[in-house]
Amino acid sequence: MITRIIDWLTPPQKVGQIIQADIASVTPDDVAAYHLGAVLNGGNSAPKGNQRASHIDWLDLADAYWTASMRADGPRIPVLWGTDAVHGHNNLVGATIFPHNIGLGATRDADLVERIGAATAREVRATGMDWTFAPTVAVACDGRWGRTYEAYGESPKLVADLGAALVRGLQGLPGERTFLGSDKIIATAKHFIGDGGTRAGKDQGETVATEAEMRDTHAAGYYSTLDAGAQTIMASFSSWGGRKMHGHQAFLTDLLKTHWGFDGVVVGDWDGHGQIAGAIPTDCPDALMAGLDMYMAPDSWKGLHASLLRHLESGRISGERLDDAVRRVLRLKFRAGLCSQPMPSARPHSATTGVIGCKAHTGLAVEAVRKSAVLLKNANHTLPLKSPQHILVTGQAADDLSMQCGGWSLSWQGGILDIQDYPHAETLLSGVRRIAAKRGSTVSFARDGHFRKKPDIAIHVFGEAPYAEFRGDLSTLDFHLANDADTETLKRLQGVGIPVVCIFLSGRPLWVNSVLNASDAFVAAFLPGTQAGALADLLFGTDGKSDLDFTGKLPFSWPEYADQHHLNVGSFPYAPLFPYGFGLSLKDSGNLRVLHENRVLPQPDHSTIFEHGMTGGGWSIRLDDAAKSTCWQGDTERSSSGAVELKAADLGQQENAIQISWTRARSAPVIFSHDALDLTRETNAGFCFTLTITKHAGTAKEPVLSIHSGSGRTEIGGLCRLVSHACTDTTLTFEIPLRALAEAGVDMSHFEGVELSARAPTRLILSRLALVMPNG
């Protein structure tokens, strides 16, 4: 059957089958016209651009793509829809958001992970999708890596066991009747291979490993997931031996397909083929010839389709390799039963709307949260909490869904979540209130830890702000911010005799010695998802029905020093503060010695150009006729001609902004400059520059934006006429997509500065200039 279909297909139709486009850049008519094999929704893509689209909106769009692919004017080959359901169906409002993989690694419970996979598959099916890009089976070797939380741990065996369990849950068991059945979806083992071993933990970097280490460490999760029946493998952005994995024939073809006998689909990552030497996203024949079977070309798909056809005609791409890739794609669709199924909304489990965020799945998430929390300190048996008593809950993360869910939660980078997005969710604060009410205790909440009535005990909840992928890369494992507000709060509480329990929400172990010193009990909760309130049950040692205890064990070794970047079992020297597998129970003696507090400060954050009244790391301000750039410290400065003046201003807070005044037409510009930065990845990922200014900057005298780069000075134009903006009563916030700058001729690989100027005398107050995700 597959051979006959391939014989019927024209070259353009074959090329279409090996391309996957993002729903933000492809319509159902495009799917029909180009016979595209697959679509996906990237982390920030949703029906009609609405990130909070309903279940029905998603299902309607799935129907539209499927119907388009089955039109009678061409071969009726159903389109595949892939999504990043990496800790539940995390792009969908109302879905069940489970702990990220790092937390599941702490459970050591393969049966639990398999059940989570099955629940995720049911919720994905309910929106008409067929395929998830999970599990990640990276063995993360350096905690500075921004994707550490996507790994189950530092142990190849743990990664292999839990990765295989998730595949079984998502797909079912090979050889059984239910394999890839109506309530299952296609799994993807990723990112092949070595993504967790890059130099200095840099995402998409060069993997530093011998062949033996690649085999014994980084391949472990692929042995197990392929045995479990994984049908797709995603190529890594990373390199080995100086060659990008998307073009690495020795791995994609010689090892994976020929030696291991993998007969499924090798899919690319987001425009990853464009990183091969000599390639661009719209022109890359080498990836196909190296062994890639399906290009993930989110917004480059149309140009890629045209170039692949040209290379097929010229002989650069062989017909045999193209047919092999198409055969693999068609085989996947037949195995998944897509060729015999009706439209998504008519399938058995797609019609069951009650499955999304249902009670059974929420209960499963509660179980996962309880099993994933790791107790690291419990001096003098501070826990379990006693009753009745007055409890003070403090910290930014205590009532913050975004921080407890982390990245890949409703959007790519996470953040800006509301309880209405997940009505079944419970924050840690809500959980404490729930249990305290049953135990006769009272609860008050103050983020900053201040109180009127002295509490008997305090629970401080803190952690990392949400991030994903390379935006989470670190230069040091030192968690603390410059003001170290968490430690100050804890010391103030302890100073007046209040015991403190700390709950740390993070995507990796980090150096937090000062917090450990200032706390009586410390729990590593990682990123628990929507049911973080279940942590409260552990703090009290009961859920009101039965006694509970901590069972979680560290999936990563915990550093005693902020520069212990390569801290894995088997490495030398191996001297962690808490070793791999450590975890206390409430019965254990949980005292901890006083720890050193010698810090290793992080490198500057280059994405913040100006905020809180000062320039960010590495950025400086220069008046065009000035001799040199300076870091802004709030002092008044004037150009040599006196035509431009900078001085501190207030915008909501004292001196948190800068006032720029131009007194003459065509006065000297103000330039925020930096040593050359490579922003190509941020450009490809959809980042924007955001500027927040006072509203009184009128359109007749609006500031003019220009960019300095390797291609020189590029004038973009007046802000109000060029970009959309959001308003408050006093400010305008502009978001300028980096792609728009690239299209205007800016060299994003050699970005040097942002210039503001005025064509007429005017004044503006700038409070923020930064590099962010849209609406970030």
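**Strands, sheets and cores, one by one**

Tutor: Let's start with strand S12, which has both faces covered: His390, Leu392 and Thr394 are buried on one side, and Ile391 and Val393 are buried on the other. This is a predicted model, in which local features need pLDDT of at least 70 and side-chain atom pairs count only at pLDDT 80 or more, while totals for chains, interfaces and linings use all residues. Residues are numbered from 1 along each chain as its sequence is written, and side-chain values use heavy atoms, with hydrogens and water left out.

Student: What makes S12 "mostly covered"?

Tutor: Buried means under 20% relative accessible area, with exposed over 50% and partly exposed in between (1.4 Å probe, protein chains only). In S12, residues 390-394, 5 of 5 residues are buried, so the label "mostly covered" fits by that cut-off.

Student: How do you know that S12 pairs with S13?

Tutor: Strands are DSSP runs of E, at least two residues long, and helices are runs of H or I, at least four, both numbered from the N terminus. Two strands pair if DSSP finds at least two bridges between them. S12 and S13 (residues 442-445) have 4 bridges in the parallel sense, so they count as paired. In that pairing, His390 stands opposite Thr442.

Student: Which other strand pairs with S12 over 4 bridges?

Tutor: That is S14 (residues 457-463), again in the parallel sense. Here Thr394 has His460 as its bridge partner.

Student: Why are S5 and S9 said to stand at the edges?

Tutor: Their open sheet has 3 strands in the order S5-S6-S9, with parallel pairing. S5 (188-192) and S9 (265-267) each have a single partner strand, so one side of each is left without a neighbour in the sheet. Neighbouring strands of this sheet are turned by 25 degrees against each other on average, direction ignored; axes are lines fitted to C-alpha atoms, for helices over the stretch in contact, and angles run from 0 to 180 degrees between N-to-C directions.

Student: How do you know that S6 pairs with S9?

Tutor: S6 (residues 232-235) and S9 share 3 bridges in the parallel sense, so the DSSP requirement is met. Met234 stands opposite Val267 there.

Student: What makes H10 a helix that packs on this sheet?

Tutor: Contact means heavy atoms within 4.5 Å. H10 (residues 249-259) touches S5, S6 and S9, and its direction makes about 140 degrees with that of S5. Helix H9 (residues 220-227) lies across S5 and S6, at about 160 degrees to S5.

Student: How do you know that the span of H4 agrees with what a helix should give?

Tutor: The expected span is 1.5 Å times one less than the number of residues. For the 15 residues of H4 (residues 55-69) this gives 21 Å, and the end C-alpha atoms are 21 Å apart, so the two agree. Among the buried residues of H4 are Trp58, Leu59 and Trp66, and their cover includes helix H3 (28-34), S2 and strand S3 (80-83).

Student: Why is the set with Phe522 and Trp558 called a nonpolar core?

Tutor: A nonpolar core is a set of buried Ala, Val, Leu, Ile, Met, Phe, Trp, Tyr and Cys residues joined through side-chain atoms within 4.5 Å. The largest has 177 residues, and Phe522, Trp558, Phe672 and Phe751 have the most contacts inside it. Helix H7 (residues 156-171) gives the most to this core, with 8 residues. Apart from it lies another core, of 35 residues, including Leu383 and Ile435.
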